[in-house]
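Reader: Please take a close look at the inside of this chain for me, and go slowly. I would like to know which residues lie there and what they touch.

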Amino acid sequence: MADTLKNTDSPPVVRFAPSPTGYLHIGGARTALFNWLYAKANSGRFLLRIEDTDRARNNPDAVKAIADGLHWLGLDWEGDAVSQFARAERHAEVAHELLTKGQAYRCYLTPDELADMRKQAEAEKRAFKIRSPWRDKGPDDGPKNQPYSVRLKMPQTGETVVEDKVQGPVTFANQDLDDFILLRSDGSPTYHLAVVVDDHDMGVTHVIRGVDHLNNAARQSQIYVAMDWPLPVWAHVPLIHGSDGAKLSKRHGALGVEAYRAMGYLPEALRNYLVRLGWSHGDDEIMSTAQLIDWFGLDGIGKSPARFDTQKLEDLNAHYIRDSDDDALLRHIQTLLPEMEGGSETVKKLAENDGWTKLKLALPGLKPRAKTLCAIVEGAAFITAERPLTLEPKAAKLLDDDAKSVLAKLRSQLETVDAWQPQTLEDAVRSFAEDTGLKLGKVAQPMRAALTGRTVSPPVFDVMAVLGRSESLARLADQSS
RNA sequence: GCCCCGUUCGUCUAGUGGCCUAGGACGCUGGCCUCUCACGCCUGAAACACGGGUUCGAGUCCCGUACGGGGCGCCA
């Protein structure tokens with residue numbers, strides 16, 4: 001935590017600035033998390049801004065999806081989300097100030113002319129660089145009543161150094177940076193202008209974003225310089241790649257966070273997984289939010305890209321499921337169920353016969369066996385199963401004639417059990433096995449098959465306790481002979 | 001093509017010149033526990049991209065090569 005502004009008087013201000021193109025994808029979620037943690041770790045402020053400068057990208061549903069995703073992850077921002085589009089006038093104002101200061105100029109090059117120049121450069125196999133003839137003309141030299149764009153007069157010699165907290169100092173030769181557009185010919189601001197003006201106006205002190213913006217930082221820093229504004233601290237974090245090392249695609253991880261929620265992941269697990277992608281604190285793997293806030297710093301962020309690994313996410317999720325208390329888990333399941341396949345039917349069934357009570361009772365047995373909430377629901381299917389149970393093939397195979405006669409004998413034994421509790425039931429079954437000279441497994445496996453219709457389940461004694469006396473005995477009777 | 005950045009077990013990473021016969025985690029082997037499956041515990045295999053320097057000494061510093069990534073819009 002050796003960040004420069006850490007010990008200065010003013011607390012840092014950071015922001016997450018997604019463009020509203022779709023859902024909150026996994027890379028964006030991590031960027032948001034890093035920003036949020038940085039703010040929390042340094043008693044700073046975390047703001048949200050929607051980069052909707054390009055109206056074609058505007059999409060209210062996307063804004064909502066992003067907000068929902070952030071809320072679900074527990075990343076709350078201060079105040080209302082800022083709409084970049086709404087601030088277009090201010091952006092134009094700054095562009096005009098730059099114009100009067102002589103730091104920018106009116107460029108009458110048309111998009112068509114530019115396209116031709118680009119094509120020609122390509123044909124000649126040389127790097128295309130915009131050299132606007134208007135750069136050195138006077139402010140009144142242009143044609144009257146012609147649309148023009150406003151370009152920043154970038155320095156043409158020397159170099160621009162981006163002092164980056166993650167990447168280190170990154171040097172760009174100014175001759176490689178051309179005069180980019182601040183204001184389009186229709187008067188609307190471009191992204192570069194808008195980001196800088198908004199970050200400045202919002203008091204953003206630290207810009208933490210993906211490395212795909214590193215080159216932009218060189219350009220953008222020249223706007224700060226031209227306006228004589230203090231530069232923010234930059235921190236460009238590496239991107240997240242798919243499991244095959246290629247760019248994140250839908251197949252492996254580029255899903256929205258809501259997709260992970262629907263798959264039964266816990267927000268704290270996803271957060272823990274995401275923070276370890278690119279950031280580390282020694283050998284620590286499982287970290288509470290409080291620890292994260294305590295430990296997070298820009299100096300712990302690595303420079304190389306990470307691959308998304310579902311298995312590790314699953315493992316983390318399993319950890320958090322095991323550590324969750326039953327009521328919290330139940331609430332999560334409750335909100336998730338309606339979105340799951342066949343979930344509404346399960347909800348209906350759980351509403352009958354004390355289903356929820358039974359589920360809660362079964363949770364301790366289900367938790368260590370599940371990697372996701374969906375797996376818990378799946379494992380709890382025996383609770384809502386209706387008699388006579390449909391048996392899985394393997395379970396049916398277990399219930400051969402021998403097994404069925406064992407179950408018949410066992411069932412009459414169990415009828416005499418008064419306290420229908422796991423321990424007493426286990427005692428009863430164990431002594432039954434001993435008396436009949438059978439190994440416990442020879443009794444328990446057929447029981448499991450009869451009780452759940454499966455070969456895998458929580459301990460059979462727990463299952464019987466959850467199911468209750470009459471249901472348990474009835475299911476055993478169904479498979480007795 | 002040009003400009004930036006990166007490269008430690010399959011994956012995420014620790015490592016800031018000697019503590020490294022390179023540590024942890026996920027996954028994978030084998031085993032223990034055990035009514036099944038998990039959990040838990042114990043084991044094992046598995047990496048410093050390559051080539052040159054610098055240094056008494058390099059995973060750690062420098063240069064080059066290869067590979068990978070990002071960027072080169074009146075998109076964000």
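**Inside chain A**

Author: Among contacts in chain A (heavy atoms within 4.5 Å) between residues at least 6 apart in sequence, 77% join residues at least 24 apart. The model is predicted: local features need pLDDT of at least 70 and side-chain atom pairs 80 or more, while totals for chains, interfaces and linings use all residues, and side-chain values use heavy atoms, without hydrogens or water. Residues are numbered from 1 along each chain as its sequence is written, with chains lettered from A and ligands numbered from 1 in the order in which they are written.

Let us begin with the whole chain before going inside. Chain A contains 21 helices and 12 strands, which are DSSP runs numbered from the N terminus (H or I, at least four residues, for a helix; E, at least two, for a strand). The C-alpha atoms of the chain fill a box of roughly 105 × 45 × 40 Å along the principal axes. Of its 481 residues, 47% count as buried, that is, under 20% relative accessible area with a 1.4 Å probe and protein chains only, where exposed is over 50% and partly exposed lies in between.

A good place to enter the interior is helix 8, which runs over residues 267-275; 8 of its 9 residues are buried, so the helix is largely enclosed by the rest of the structure. If you follow helix 8 along the chain, the buried positions are Pro-267, Ala-269, Leu-270, Arg-271, Asn-272, Tyr-273, Leu-274 and Val-275.

Strand 10, covering residues 233-237, gives a second view, and Ala-235 lies within it. With a relative accessibility of 1%, Ala-235 is buried, and, once neighbours within four places in sequence are left aside, Ala-235 is in contact with Asp-164, Lys-165, Val-166, Val-207, Ile-208, Arg-209 and Leu-298. Between the C-alpha atoms of Ala-235 and Asp-299 there are 9.7 Å, although 64 residues separate the pair along the chain. Val-233 belongs to strand 10 as well, and at 13% relative accessibility Val-233 also counts as buried. From Val-233 to Pro-12 the C-alpha to C-alpha separation is 9.8 Å in space, while in sequence these two residues are 221 apart.

Burial can be followed into the loops too. Gln-84 sits in the loop that leads from strand 3 (82-83) to helix 3 (88-100), and its relative accessible area is 1%, so Gln-84 is buried. Its side chain forms a polar contact of 2.8 Å with the side chain of Thr-53; such a contact is a pair of N or O atoms within 3.5 Å, one able to donate a hydrogen and the other to accept it. Not counting residues up to four places away in sequence, Gln-84 touches Arg-49, Ile-50, Glu-51, Asp-52, Thr-53, His-91, Ala-194, Val-195 and Asp-198.

Finally, Ser-457 is placed in the loop between helix 19 (440-452) and helix 20 (460-467). Ser-457 is buried at 11% relative accessibility, and its side chain makes a polar contact of 2.9 Å with the side chain of Arg-448. Apart from neighbours within four places in sequence, Ser-457 is in contact with Arg-369, Arg-448, Thr-452 and Val-463, and you may notice that Arg-448 therefore appears both in this list and as the polar partner of Ser-457.
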